[in-house]
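The exercises below are meant to be worked with the sequence and the model side by side. Try each task before reading the solution that follows.

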Amino acid sequence: MIYLDNAASAPVLPEALEAAMPFLTECCGNPSSIHAQGRRAALAIIEARERCARAIGAKPDEIYFTSGGTESDNMALRAAALSGRRAGRNRIVTTAIEHPAVLNTCKALEAEGFEVKYIGADSDGFIDMAQARELIDENTAAASVMAANNEVGTIQPIKEIAELCRKCGAVFHTDAVQAAGHIPLDVEDIGCDMLSVSAHKFGGIRGAGFLYCRRDVPLEPLIFGGGQESGMRSGTENTAAIAAMGKALEISCGNIARDTEYVRGLRDRLTRALLEIPGSRLNGSASGRLAGNVNVSFAGVEGESLVLGLDLRGVCASSGSACASGEEEPSHVLRAMGVPGEMLKGSLRLTVSARNTAEEIDAAAQAVRETVETLRELRGVKWLT
């Protein structure tokens with residue numbers, strides 16, 4: 001099997017699994033308990049919080065553990081919106097290419113009376129900064145712009161957006177789920193007020209994530225109960241997954257420089273091979289994207305059929321965001337980028353990691369070519385070679 005769906009969920013790092021194992025086997029203590037096993041679990045959470053904070057240049061008390069990126073996004077946007085409303089601000093600004101965790105939270109806030117404005121994107125997937133400057137003003141409660149797009153990998157100018165928000169007093173949140181562990185992130189340098197992370201994108205275990213929230217930014221809980229996470233996220237902590245996340249983020253961030261060069265080389269090798277297939281096009285910027293992201297469309301095929309055909313050939317891939325799998329509608333990201341109609345439904349996302357090899361990349365490219373040709377033949381689509 002050739003695994004090229006790392007943006008959906010990356011393999012668990014051995015060191016992360018090792019950090020988790022004691023809390024899956026020998027230590028069953030609740031971190032809120034005061035006996036020895038409870039204290040051991042609590043200490044593991046403290047250490048993980050410190051690791052996560054160091055990885056993004058934050059302070060430990062600014063890290064709130066959650067179940068993952070979706071919960072973190074919801075928590076950030078709702079808190080910022082409600083705080084803004086109390087200050088007389090009623091606008092939420094986001095982009096047309098955000099993850100559904102942000103877009104659907106914005107829809108819910110819109111139903112509660114907030115005005116939501118969407119920044120567009122160009123053909124490479126970069127957001128329209130002129131539009132951002134127009135929309136982010138003194139009436140804006142919060143703006144949310146992802147650090148790197150989950151479908152096409154485009155890296156956004158979040159530092160510039162943070163500056164716009166700071167000037168008008170709006171809270172700035174960035175969904176860094178795809179970026180964390182893959183590009184350097186320093187919250188002080190970025191200037192963001194909130195930042196969302198999910199463990200399973202960089203070698204942690206599914207079911208853990210965190211929200212960074214700057215000390216002076218109001219935060220409100222989504223979940224009420226026993227008061228864990230300083231009263232901001234009640235519920236018994238997932239000690240094993242949290243411990244694994246702290247270790248995985250520490251290792252991933254420490255290896256960014258080394259891994260990026262290697263992974264980018266594999267990405268470019270794969271991109272060149274795929275674009276040799278007639279009727280193909282690259283979606284997103286050729287250079288300003290995550291090192292491991294390849295998103296290519298093929299005319300005359302359906303993305304879901306392409307993914308299933310590749311699966312039969314031993315290649316794991318995605319037709320877009322894994323969180324929207326099963327959707328019949330074309331990608332909202334590609335639509336916002338103005339991708340031509342005949343290419344909208346034939347998109348393929350392949351995401352490379354440092355575990356992949358050049359031999360795997362070549363084999364995967366050949367599998368894509370064969371699958372595209374087979375699907376076109378089945379549909380009676382003639383394509384010039």
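The bridge partner of I92 in β5 is A142, and this pair is the starting point for the exercises. The model is predicted, so that local features need pLDDT of at least 70 and side-chain atom pairs count only at pLDDT 80 or more, while totals for chains, interfaces and linings use all residues. Residues are numbered from 1 along each chain as its sequence is written, and side-chain values use heavy atoms, with hydrogens and water left out.

**Exercise 1. Place the bridge between I92 and A142 in its sheet.**

Begin with the two strands concerned, remembering that strands (E, at least two residues) and helices (H or I, at least four) are DSSP runs numbered from the N terminus. Strand β3 (residues 91-95) and strand β5 (residues 140-144) pair in the parallel sense over three bridges, where pairing requires that DSSP finds at least two bridges between two strands. As background, strands of a sheet pair through backbone hydrogen bonds, either parallel or antiparallel.

Next, widen the view to the whole sheet, which is open, has seven strands in the order β2-β8-β7-β6-β5-β3-β4, and shows mixed pairing. Its edge strands are β2 (63-66) and β4 (115-119), each of which pairs on one side only. Neighbouring strands of this sheet are turned by 20 degrees against each other on average, with direction ignored.

Finally, add the helix that covers part of this sheet: α4 (residues 100-111) lies across β3, β4, β5 and β6, and runs at about 150 degrees to β4. Such angles run from 0 to 180 degrees between N-to-C directions, and axes are lines fitted to C-alpha atoms, for helices over the stretch in contact.

**Exercise 2. Which strands pair with β7, and in which sense?**

On one side, strand β6 (residues 171-175) and β7 pair in the parallel sense over three bridges, with L195 of β7 as the bridge partner of T174. Then turn to strand β8 (residues 209-213), which pairs with β7 in the antiparallel sense over five bridges; here the bridge partner of L195 is Y212.

As a last step, consider how covered the strand is: five of the five residues of β7 (residues 194-198) are buried, meaning under 20% relative accessible area with a 1.4 Å probe and protein chains only, whereas exposed means over 50% and partly exposed lies in between. M194, S196 and S198 point one way from β7, while L195 and V197 point the other way.

**Exercise 3. Which residues touch the most other members of the largest nonpolar core?**

A nonpolar core is a set of buried Ala, Val, Leu, Ile, Met, Phe, Trp, Tyr and Cys residues joined through side-chain atoms within 4.5 Å. The largest one has 69 residues, and those that touch the most other members are I63, F65, I161, F172, F210 and Y212. Helix α8 (residues 239-254) gives the most to this core, with nine residues.

Now follow F65, whose contacts (heavy atoms within 4.5 Å) include I45, F210, E229, I242 and M245, not counting residues up to four places away in sequence. A second, separate core of 27 residues includes V263, V315, V352 and A367.

**Exercise 4. Are E229 and S230 buried or exposed?**

Locate both residues first: E229 lies in the loop between β8 and α8, and S230 is found in the loop between β8 and α8 as well. E229 has a positive phi of about 55 degrees although it is not a glycine, and phi of S230 is near 55 degrees, again a positive value in a residue other than glycine. The accessibilities then give the solution: E229 counts as buried because its relative accessibility is 6%, whereas S230, at 67%, counts as exposed.

**Exercise 5. Describe how α9 lies against α13.**

The axes of helix α9 (residues 256-275) and α13 come within 9 Å and cross at roughly 25 degrees. Therefore α9 is roughly parallel to α13, since angles under 35 degrees count as roughly parallel, over 145 as roughly antiparallel, 65 to 115 as roughly perpendicular and the rest as oblique. To complete the solution, list the residues that meet: L266, R269, L270, A273 and L274 in α9, and A358, I361, D362, A365 and V368 in α13.
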